[in-house]
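Work through these exercises with the model open beside you. Try each task before you read its solution.

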Amino acid sequence: MCAAVNNVYCVGRNYKLHAEELGNEVPAEPLIFLKPSHSAVSLDKAVIELPKNAGMIHYEGELVLRIARDYTPGMTVEELVDVMALGLDFTLRDVQDDLKKKGLPWTAAKGFKNAAPLTPYIAFPDKEELEASDFTVLKNGTEVQRGNVKNMIFPLQKIIDFIAARYGLGKNDIIFTGTPAGVGPVVPGDSFELYWGDKLMGTCLIG
Ligand code: ZN
């Protein structure tokens, strides 16, 4: 298990190229969904079991913020966030496509056990350092995703203010901030390495 995790907020469609690769419109305001805190598990030399016989599973590599204190209006990202991690927002893509068609909630597609593995945390960098580093996802040794906060549709401050105003934001909430282009399928035996710049943040193997 991870360190204490309260609410797990996720941002959908926060990178233009990713919204387009799934044929989704670029949203006018942040698209927020939740995962149960039970889906947050360690992505640190871990073997991760995912649902079997549930159709195609996709990885979505994302920057994850941890909220250090209860939000009050006017707080900046730097004041609120003490550490960050990288995470995989695992998604049952066939199930999600079906739920979307039927207008049903995404919980079954996004909220299953182990659906939100997280690397160990590192200190939250200042804005300059944050924008200077890409995060990358390697699947079976090959880079499949590369993201940078500069390419987000909604910047971190906007996401935080939006979530706090609508749903509340407090200590030990975490936020998956959306995935860049390059999502793709996962099968048992696949391995993932997540990097922040040159730093290996975590690895996992799909069981
Ligand atoms: Zn995602």
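**Exercise 1. A helix and its two sides**

Which residues of helix α3 (residues 93-102) are buried?

Solution. Keep in mind that this is a predicted model.

Step 1. Apply the cut-off: buried means under 20% relative accessible area. In α3, Arg-93, Gln-96 and Leu-99 are buried.

Step 2. Look down the axis of α3. The buried residues fall within an arc of 120°, so they line one face of the helix.

Step 3. Turn to the other side of α3. Lys-101 and Lys-102 are exposed there.

Step 4. Find what covers the buried residues of α3. The cover includes β5 (57-59), β8 (91-92) and α4 (107-110).

Step 5. Go just past the end of α3. Gly-103 has a positive phi of about 70° there.

**Exercise 2. A three-stranded sheet**

Find the strand order of the open sheet that contains β5, and say which strands stand at the edges.

Solution.

Step 1. Read the order across the sheet: β8-β5-β14, with antiparallel pairing.

Step 2. Count partners. β8 and β14 (184-186) each have a single partner strand, so one side of each is left without a neighbour in the sheet. These two strands are the edges.

Step 3. Check one pair in detail. β5 and β8 run antiparallel and are joined by two bridges. Ile-57 has Leu-92 in β8 as its bridge partner.

Step 4. Recall the general rule. Strands of a sheet pair through backbone hydrogen bonds, either parallel or antiparallel.

**Exercise 3. An enclosed strand**

How many of the eight residues of strand β7 (residues 81-88) are buried?

Solution.

Step 1. Seven of the eight are buried, so β7 is largely enclosed by the rest of the structure.

Step 2. Pair β7 with strand β6 (residues 61-67). The two are antiparallel and share seven bridges. Across this pairing, Arg-66 has Val-83 in β7 as its bridge partner.

Step 3. Pair β7 with strand β10 (residues 122-123). This pairing is also antiparallel, over two bridges. Here Met-84 stands opposite Ile-122 in β10.

**Exercise 4. The zinc site**

Which residues coordinate the zinc ion?

Solution.

Step 1. List the donors: Glu-60 (OE), Glu-62 (OE) and Asp-89 (OD). Their distances are 2.0 to 2.1 Å.

Step 2. Write the spacing of the donors along the chain. It is E-x1-E-x26-D.

Step 3. Check burial. Glu-60 is buried, and Glu-62 is buried too.

**Exercise 5. A cavity and a pocket**

Which element gives the largest share of the lining of the largest cavity, and which does so for the largest pocket?

Solution.

Step 1. Start with the cavity. The count is one cavity of 30 Å³ or more. The largest cavity holds about 110 Å³ of space.

Step 2. Look at the cavity lining. It has 18 residues, and those nearest the centre are Gly-12, Arg-13, His-18, Glu-60 and Lys-110. Glu-60 is also one of the residues that coordinate the zinc ion.

Step 3. Sort that lining by element. β1 (8-12), β2 (31-35) and α3 give two or more residues. The largest share, three residues, comes from α3.

Step 4. Move to the pocket. The largest pocket holds about 200 Å³ of space. Its lining includes Val-77, Phe-124, Lys-127, Leu-130 and Leu-156.

Step 5. Sort the pocket lining by element. α2 (77-80), α5 (127-132) and α6 (156-167) give two or more residues. The largest share, three residues, comes from α5.

Step 6. Pick one residue of α5 for a closer look. Glu-128 lies in this helix. Its relative accessibility is 67%, and it counts as exposed. From Glu-128 to Ile-160 is 32 residues in sequence and 19 Å in space, C-alpha to C-alpha.

**Exercise 6. Positive phi in loops**

Where does Lys-45 lie, and is it buried or exposed?

Solution.

Step 1. Place it. Lys-45 is in the loop between β3 (40-42) and β4 (46-48).

Step 2. Read its backbone. Lys-45 is not a glycine, yet it has a positive phi of about 55°.

Step 3. Use the cut-off: exposed means over 50%. Lys-45 has a relative accessible area of 72%, so it is exposed.

Step 4. Compare with Asn-114. This residue lies in the loop between α4 and β9 (116-118). Asn-114 is not a glycine either, and its phi is positive, near 70°.

Definitions and conventions. Residues are numbered from 1 along each chain as its sequence is written. This is a predicted model: local features need pLDDT of at least 70, side-chain atom pairs count only at pLDDT 80 or more; totals for chains, interfaces and linings use all residues. Side-chain values use heavy atoms; hydrogens and water are left out. Donors are N, O and S atoms within 2.8 Å of the metal (3.2 Å for Na, K and Ca); water is not among the atoms, so sites may look incomplete. Buried means under 20% relative accessible area, exposed over 50%, partly exposed in between (1.4 Å probe, protein chains only). Helices (H or I, at least four residues) and strands (E, at least two) are DSSP runs, numbered from the N terminus. The arc is that of the directions from the helix axis to the C-beta atoms. Contact means heavy atoms within 4.5 Å. Two strands pair if DSSP finds at least two bridges between them. On a 1 Å grid over the protein atoms alone, a cavity is a set of points where a 1.4 Å probe fits but cannot get out, and a pocket is an open set with protein on both sides within 12 Å along at least five of seven lines; lining residues have an atom within 4 Å of a point. Grid points are joined across faces, edges and corners, and a volume is the space filled by probe spheres set on the points.
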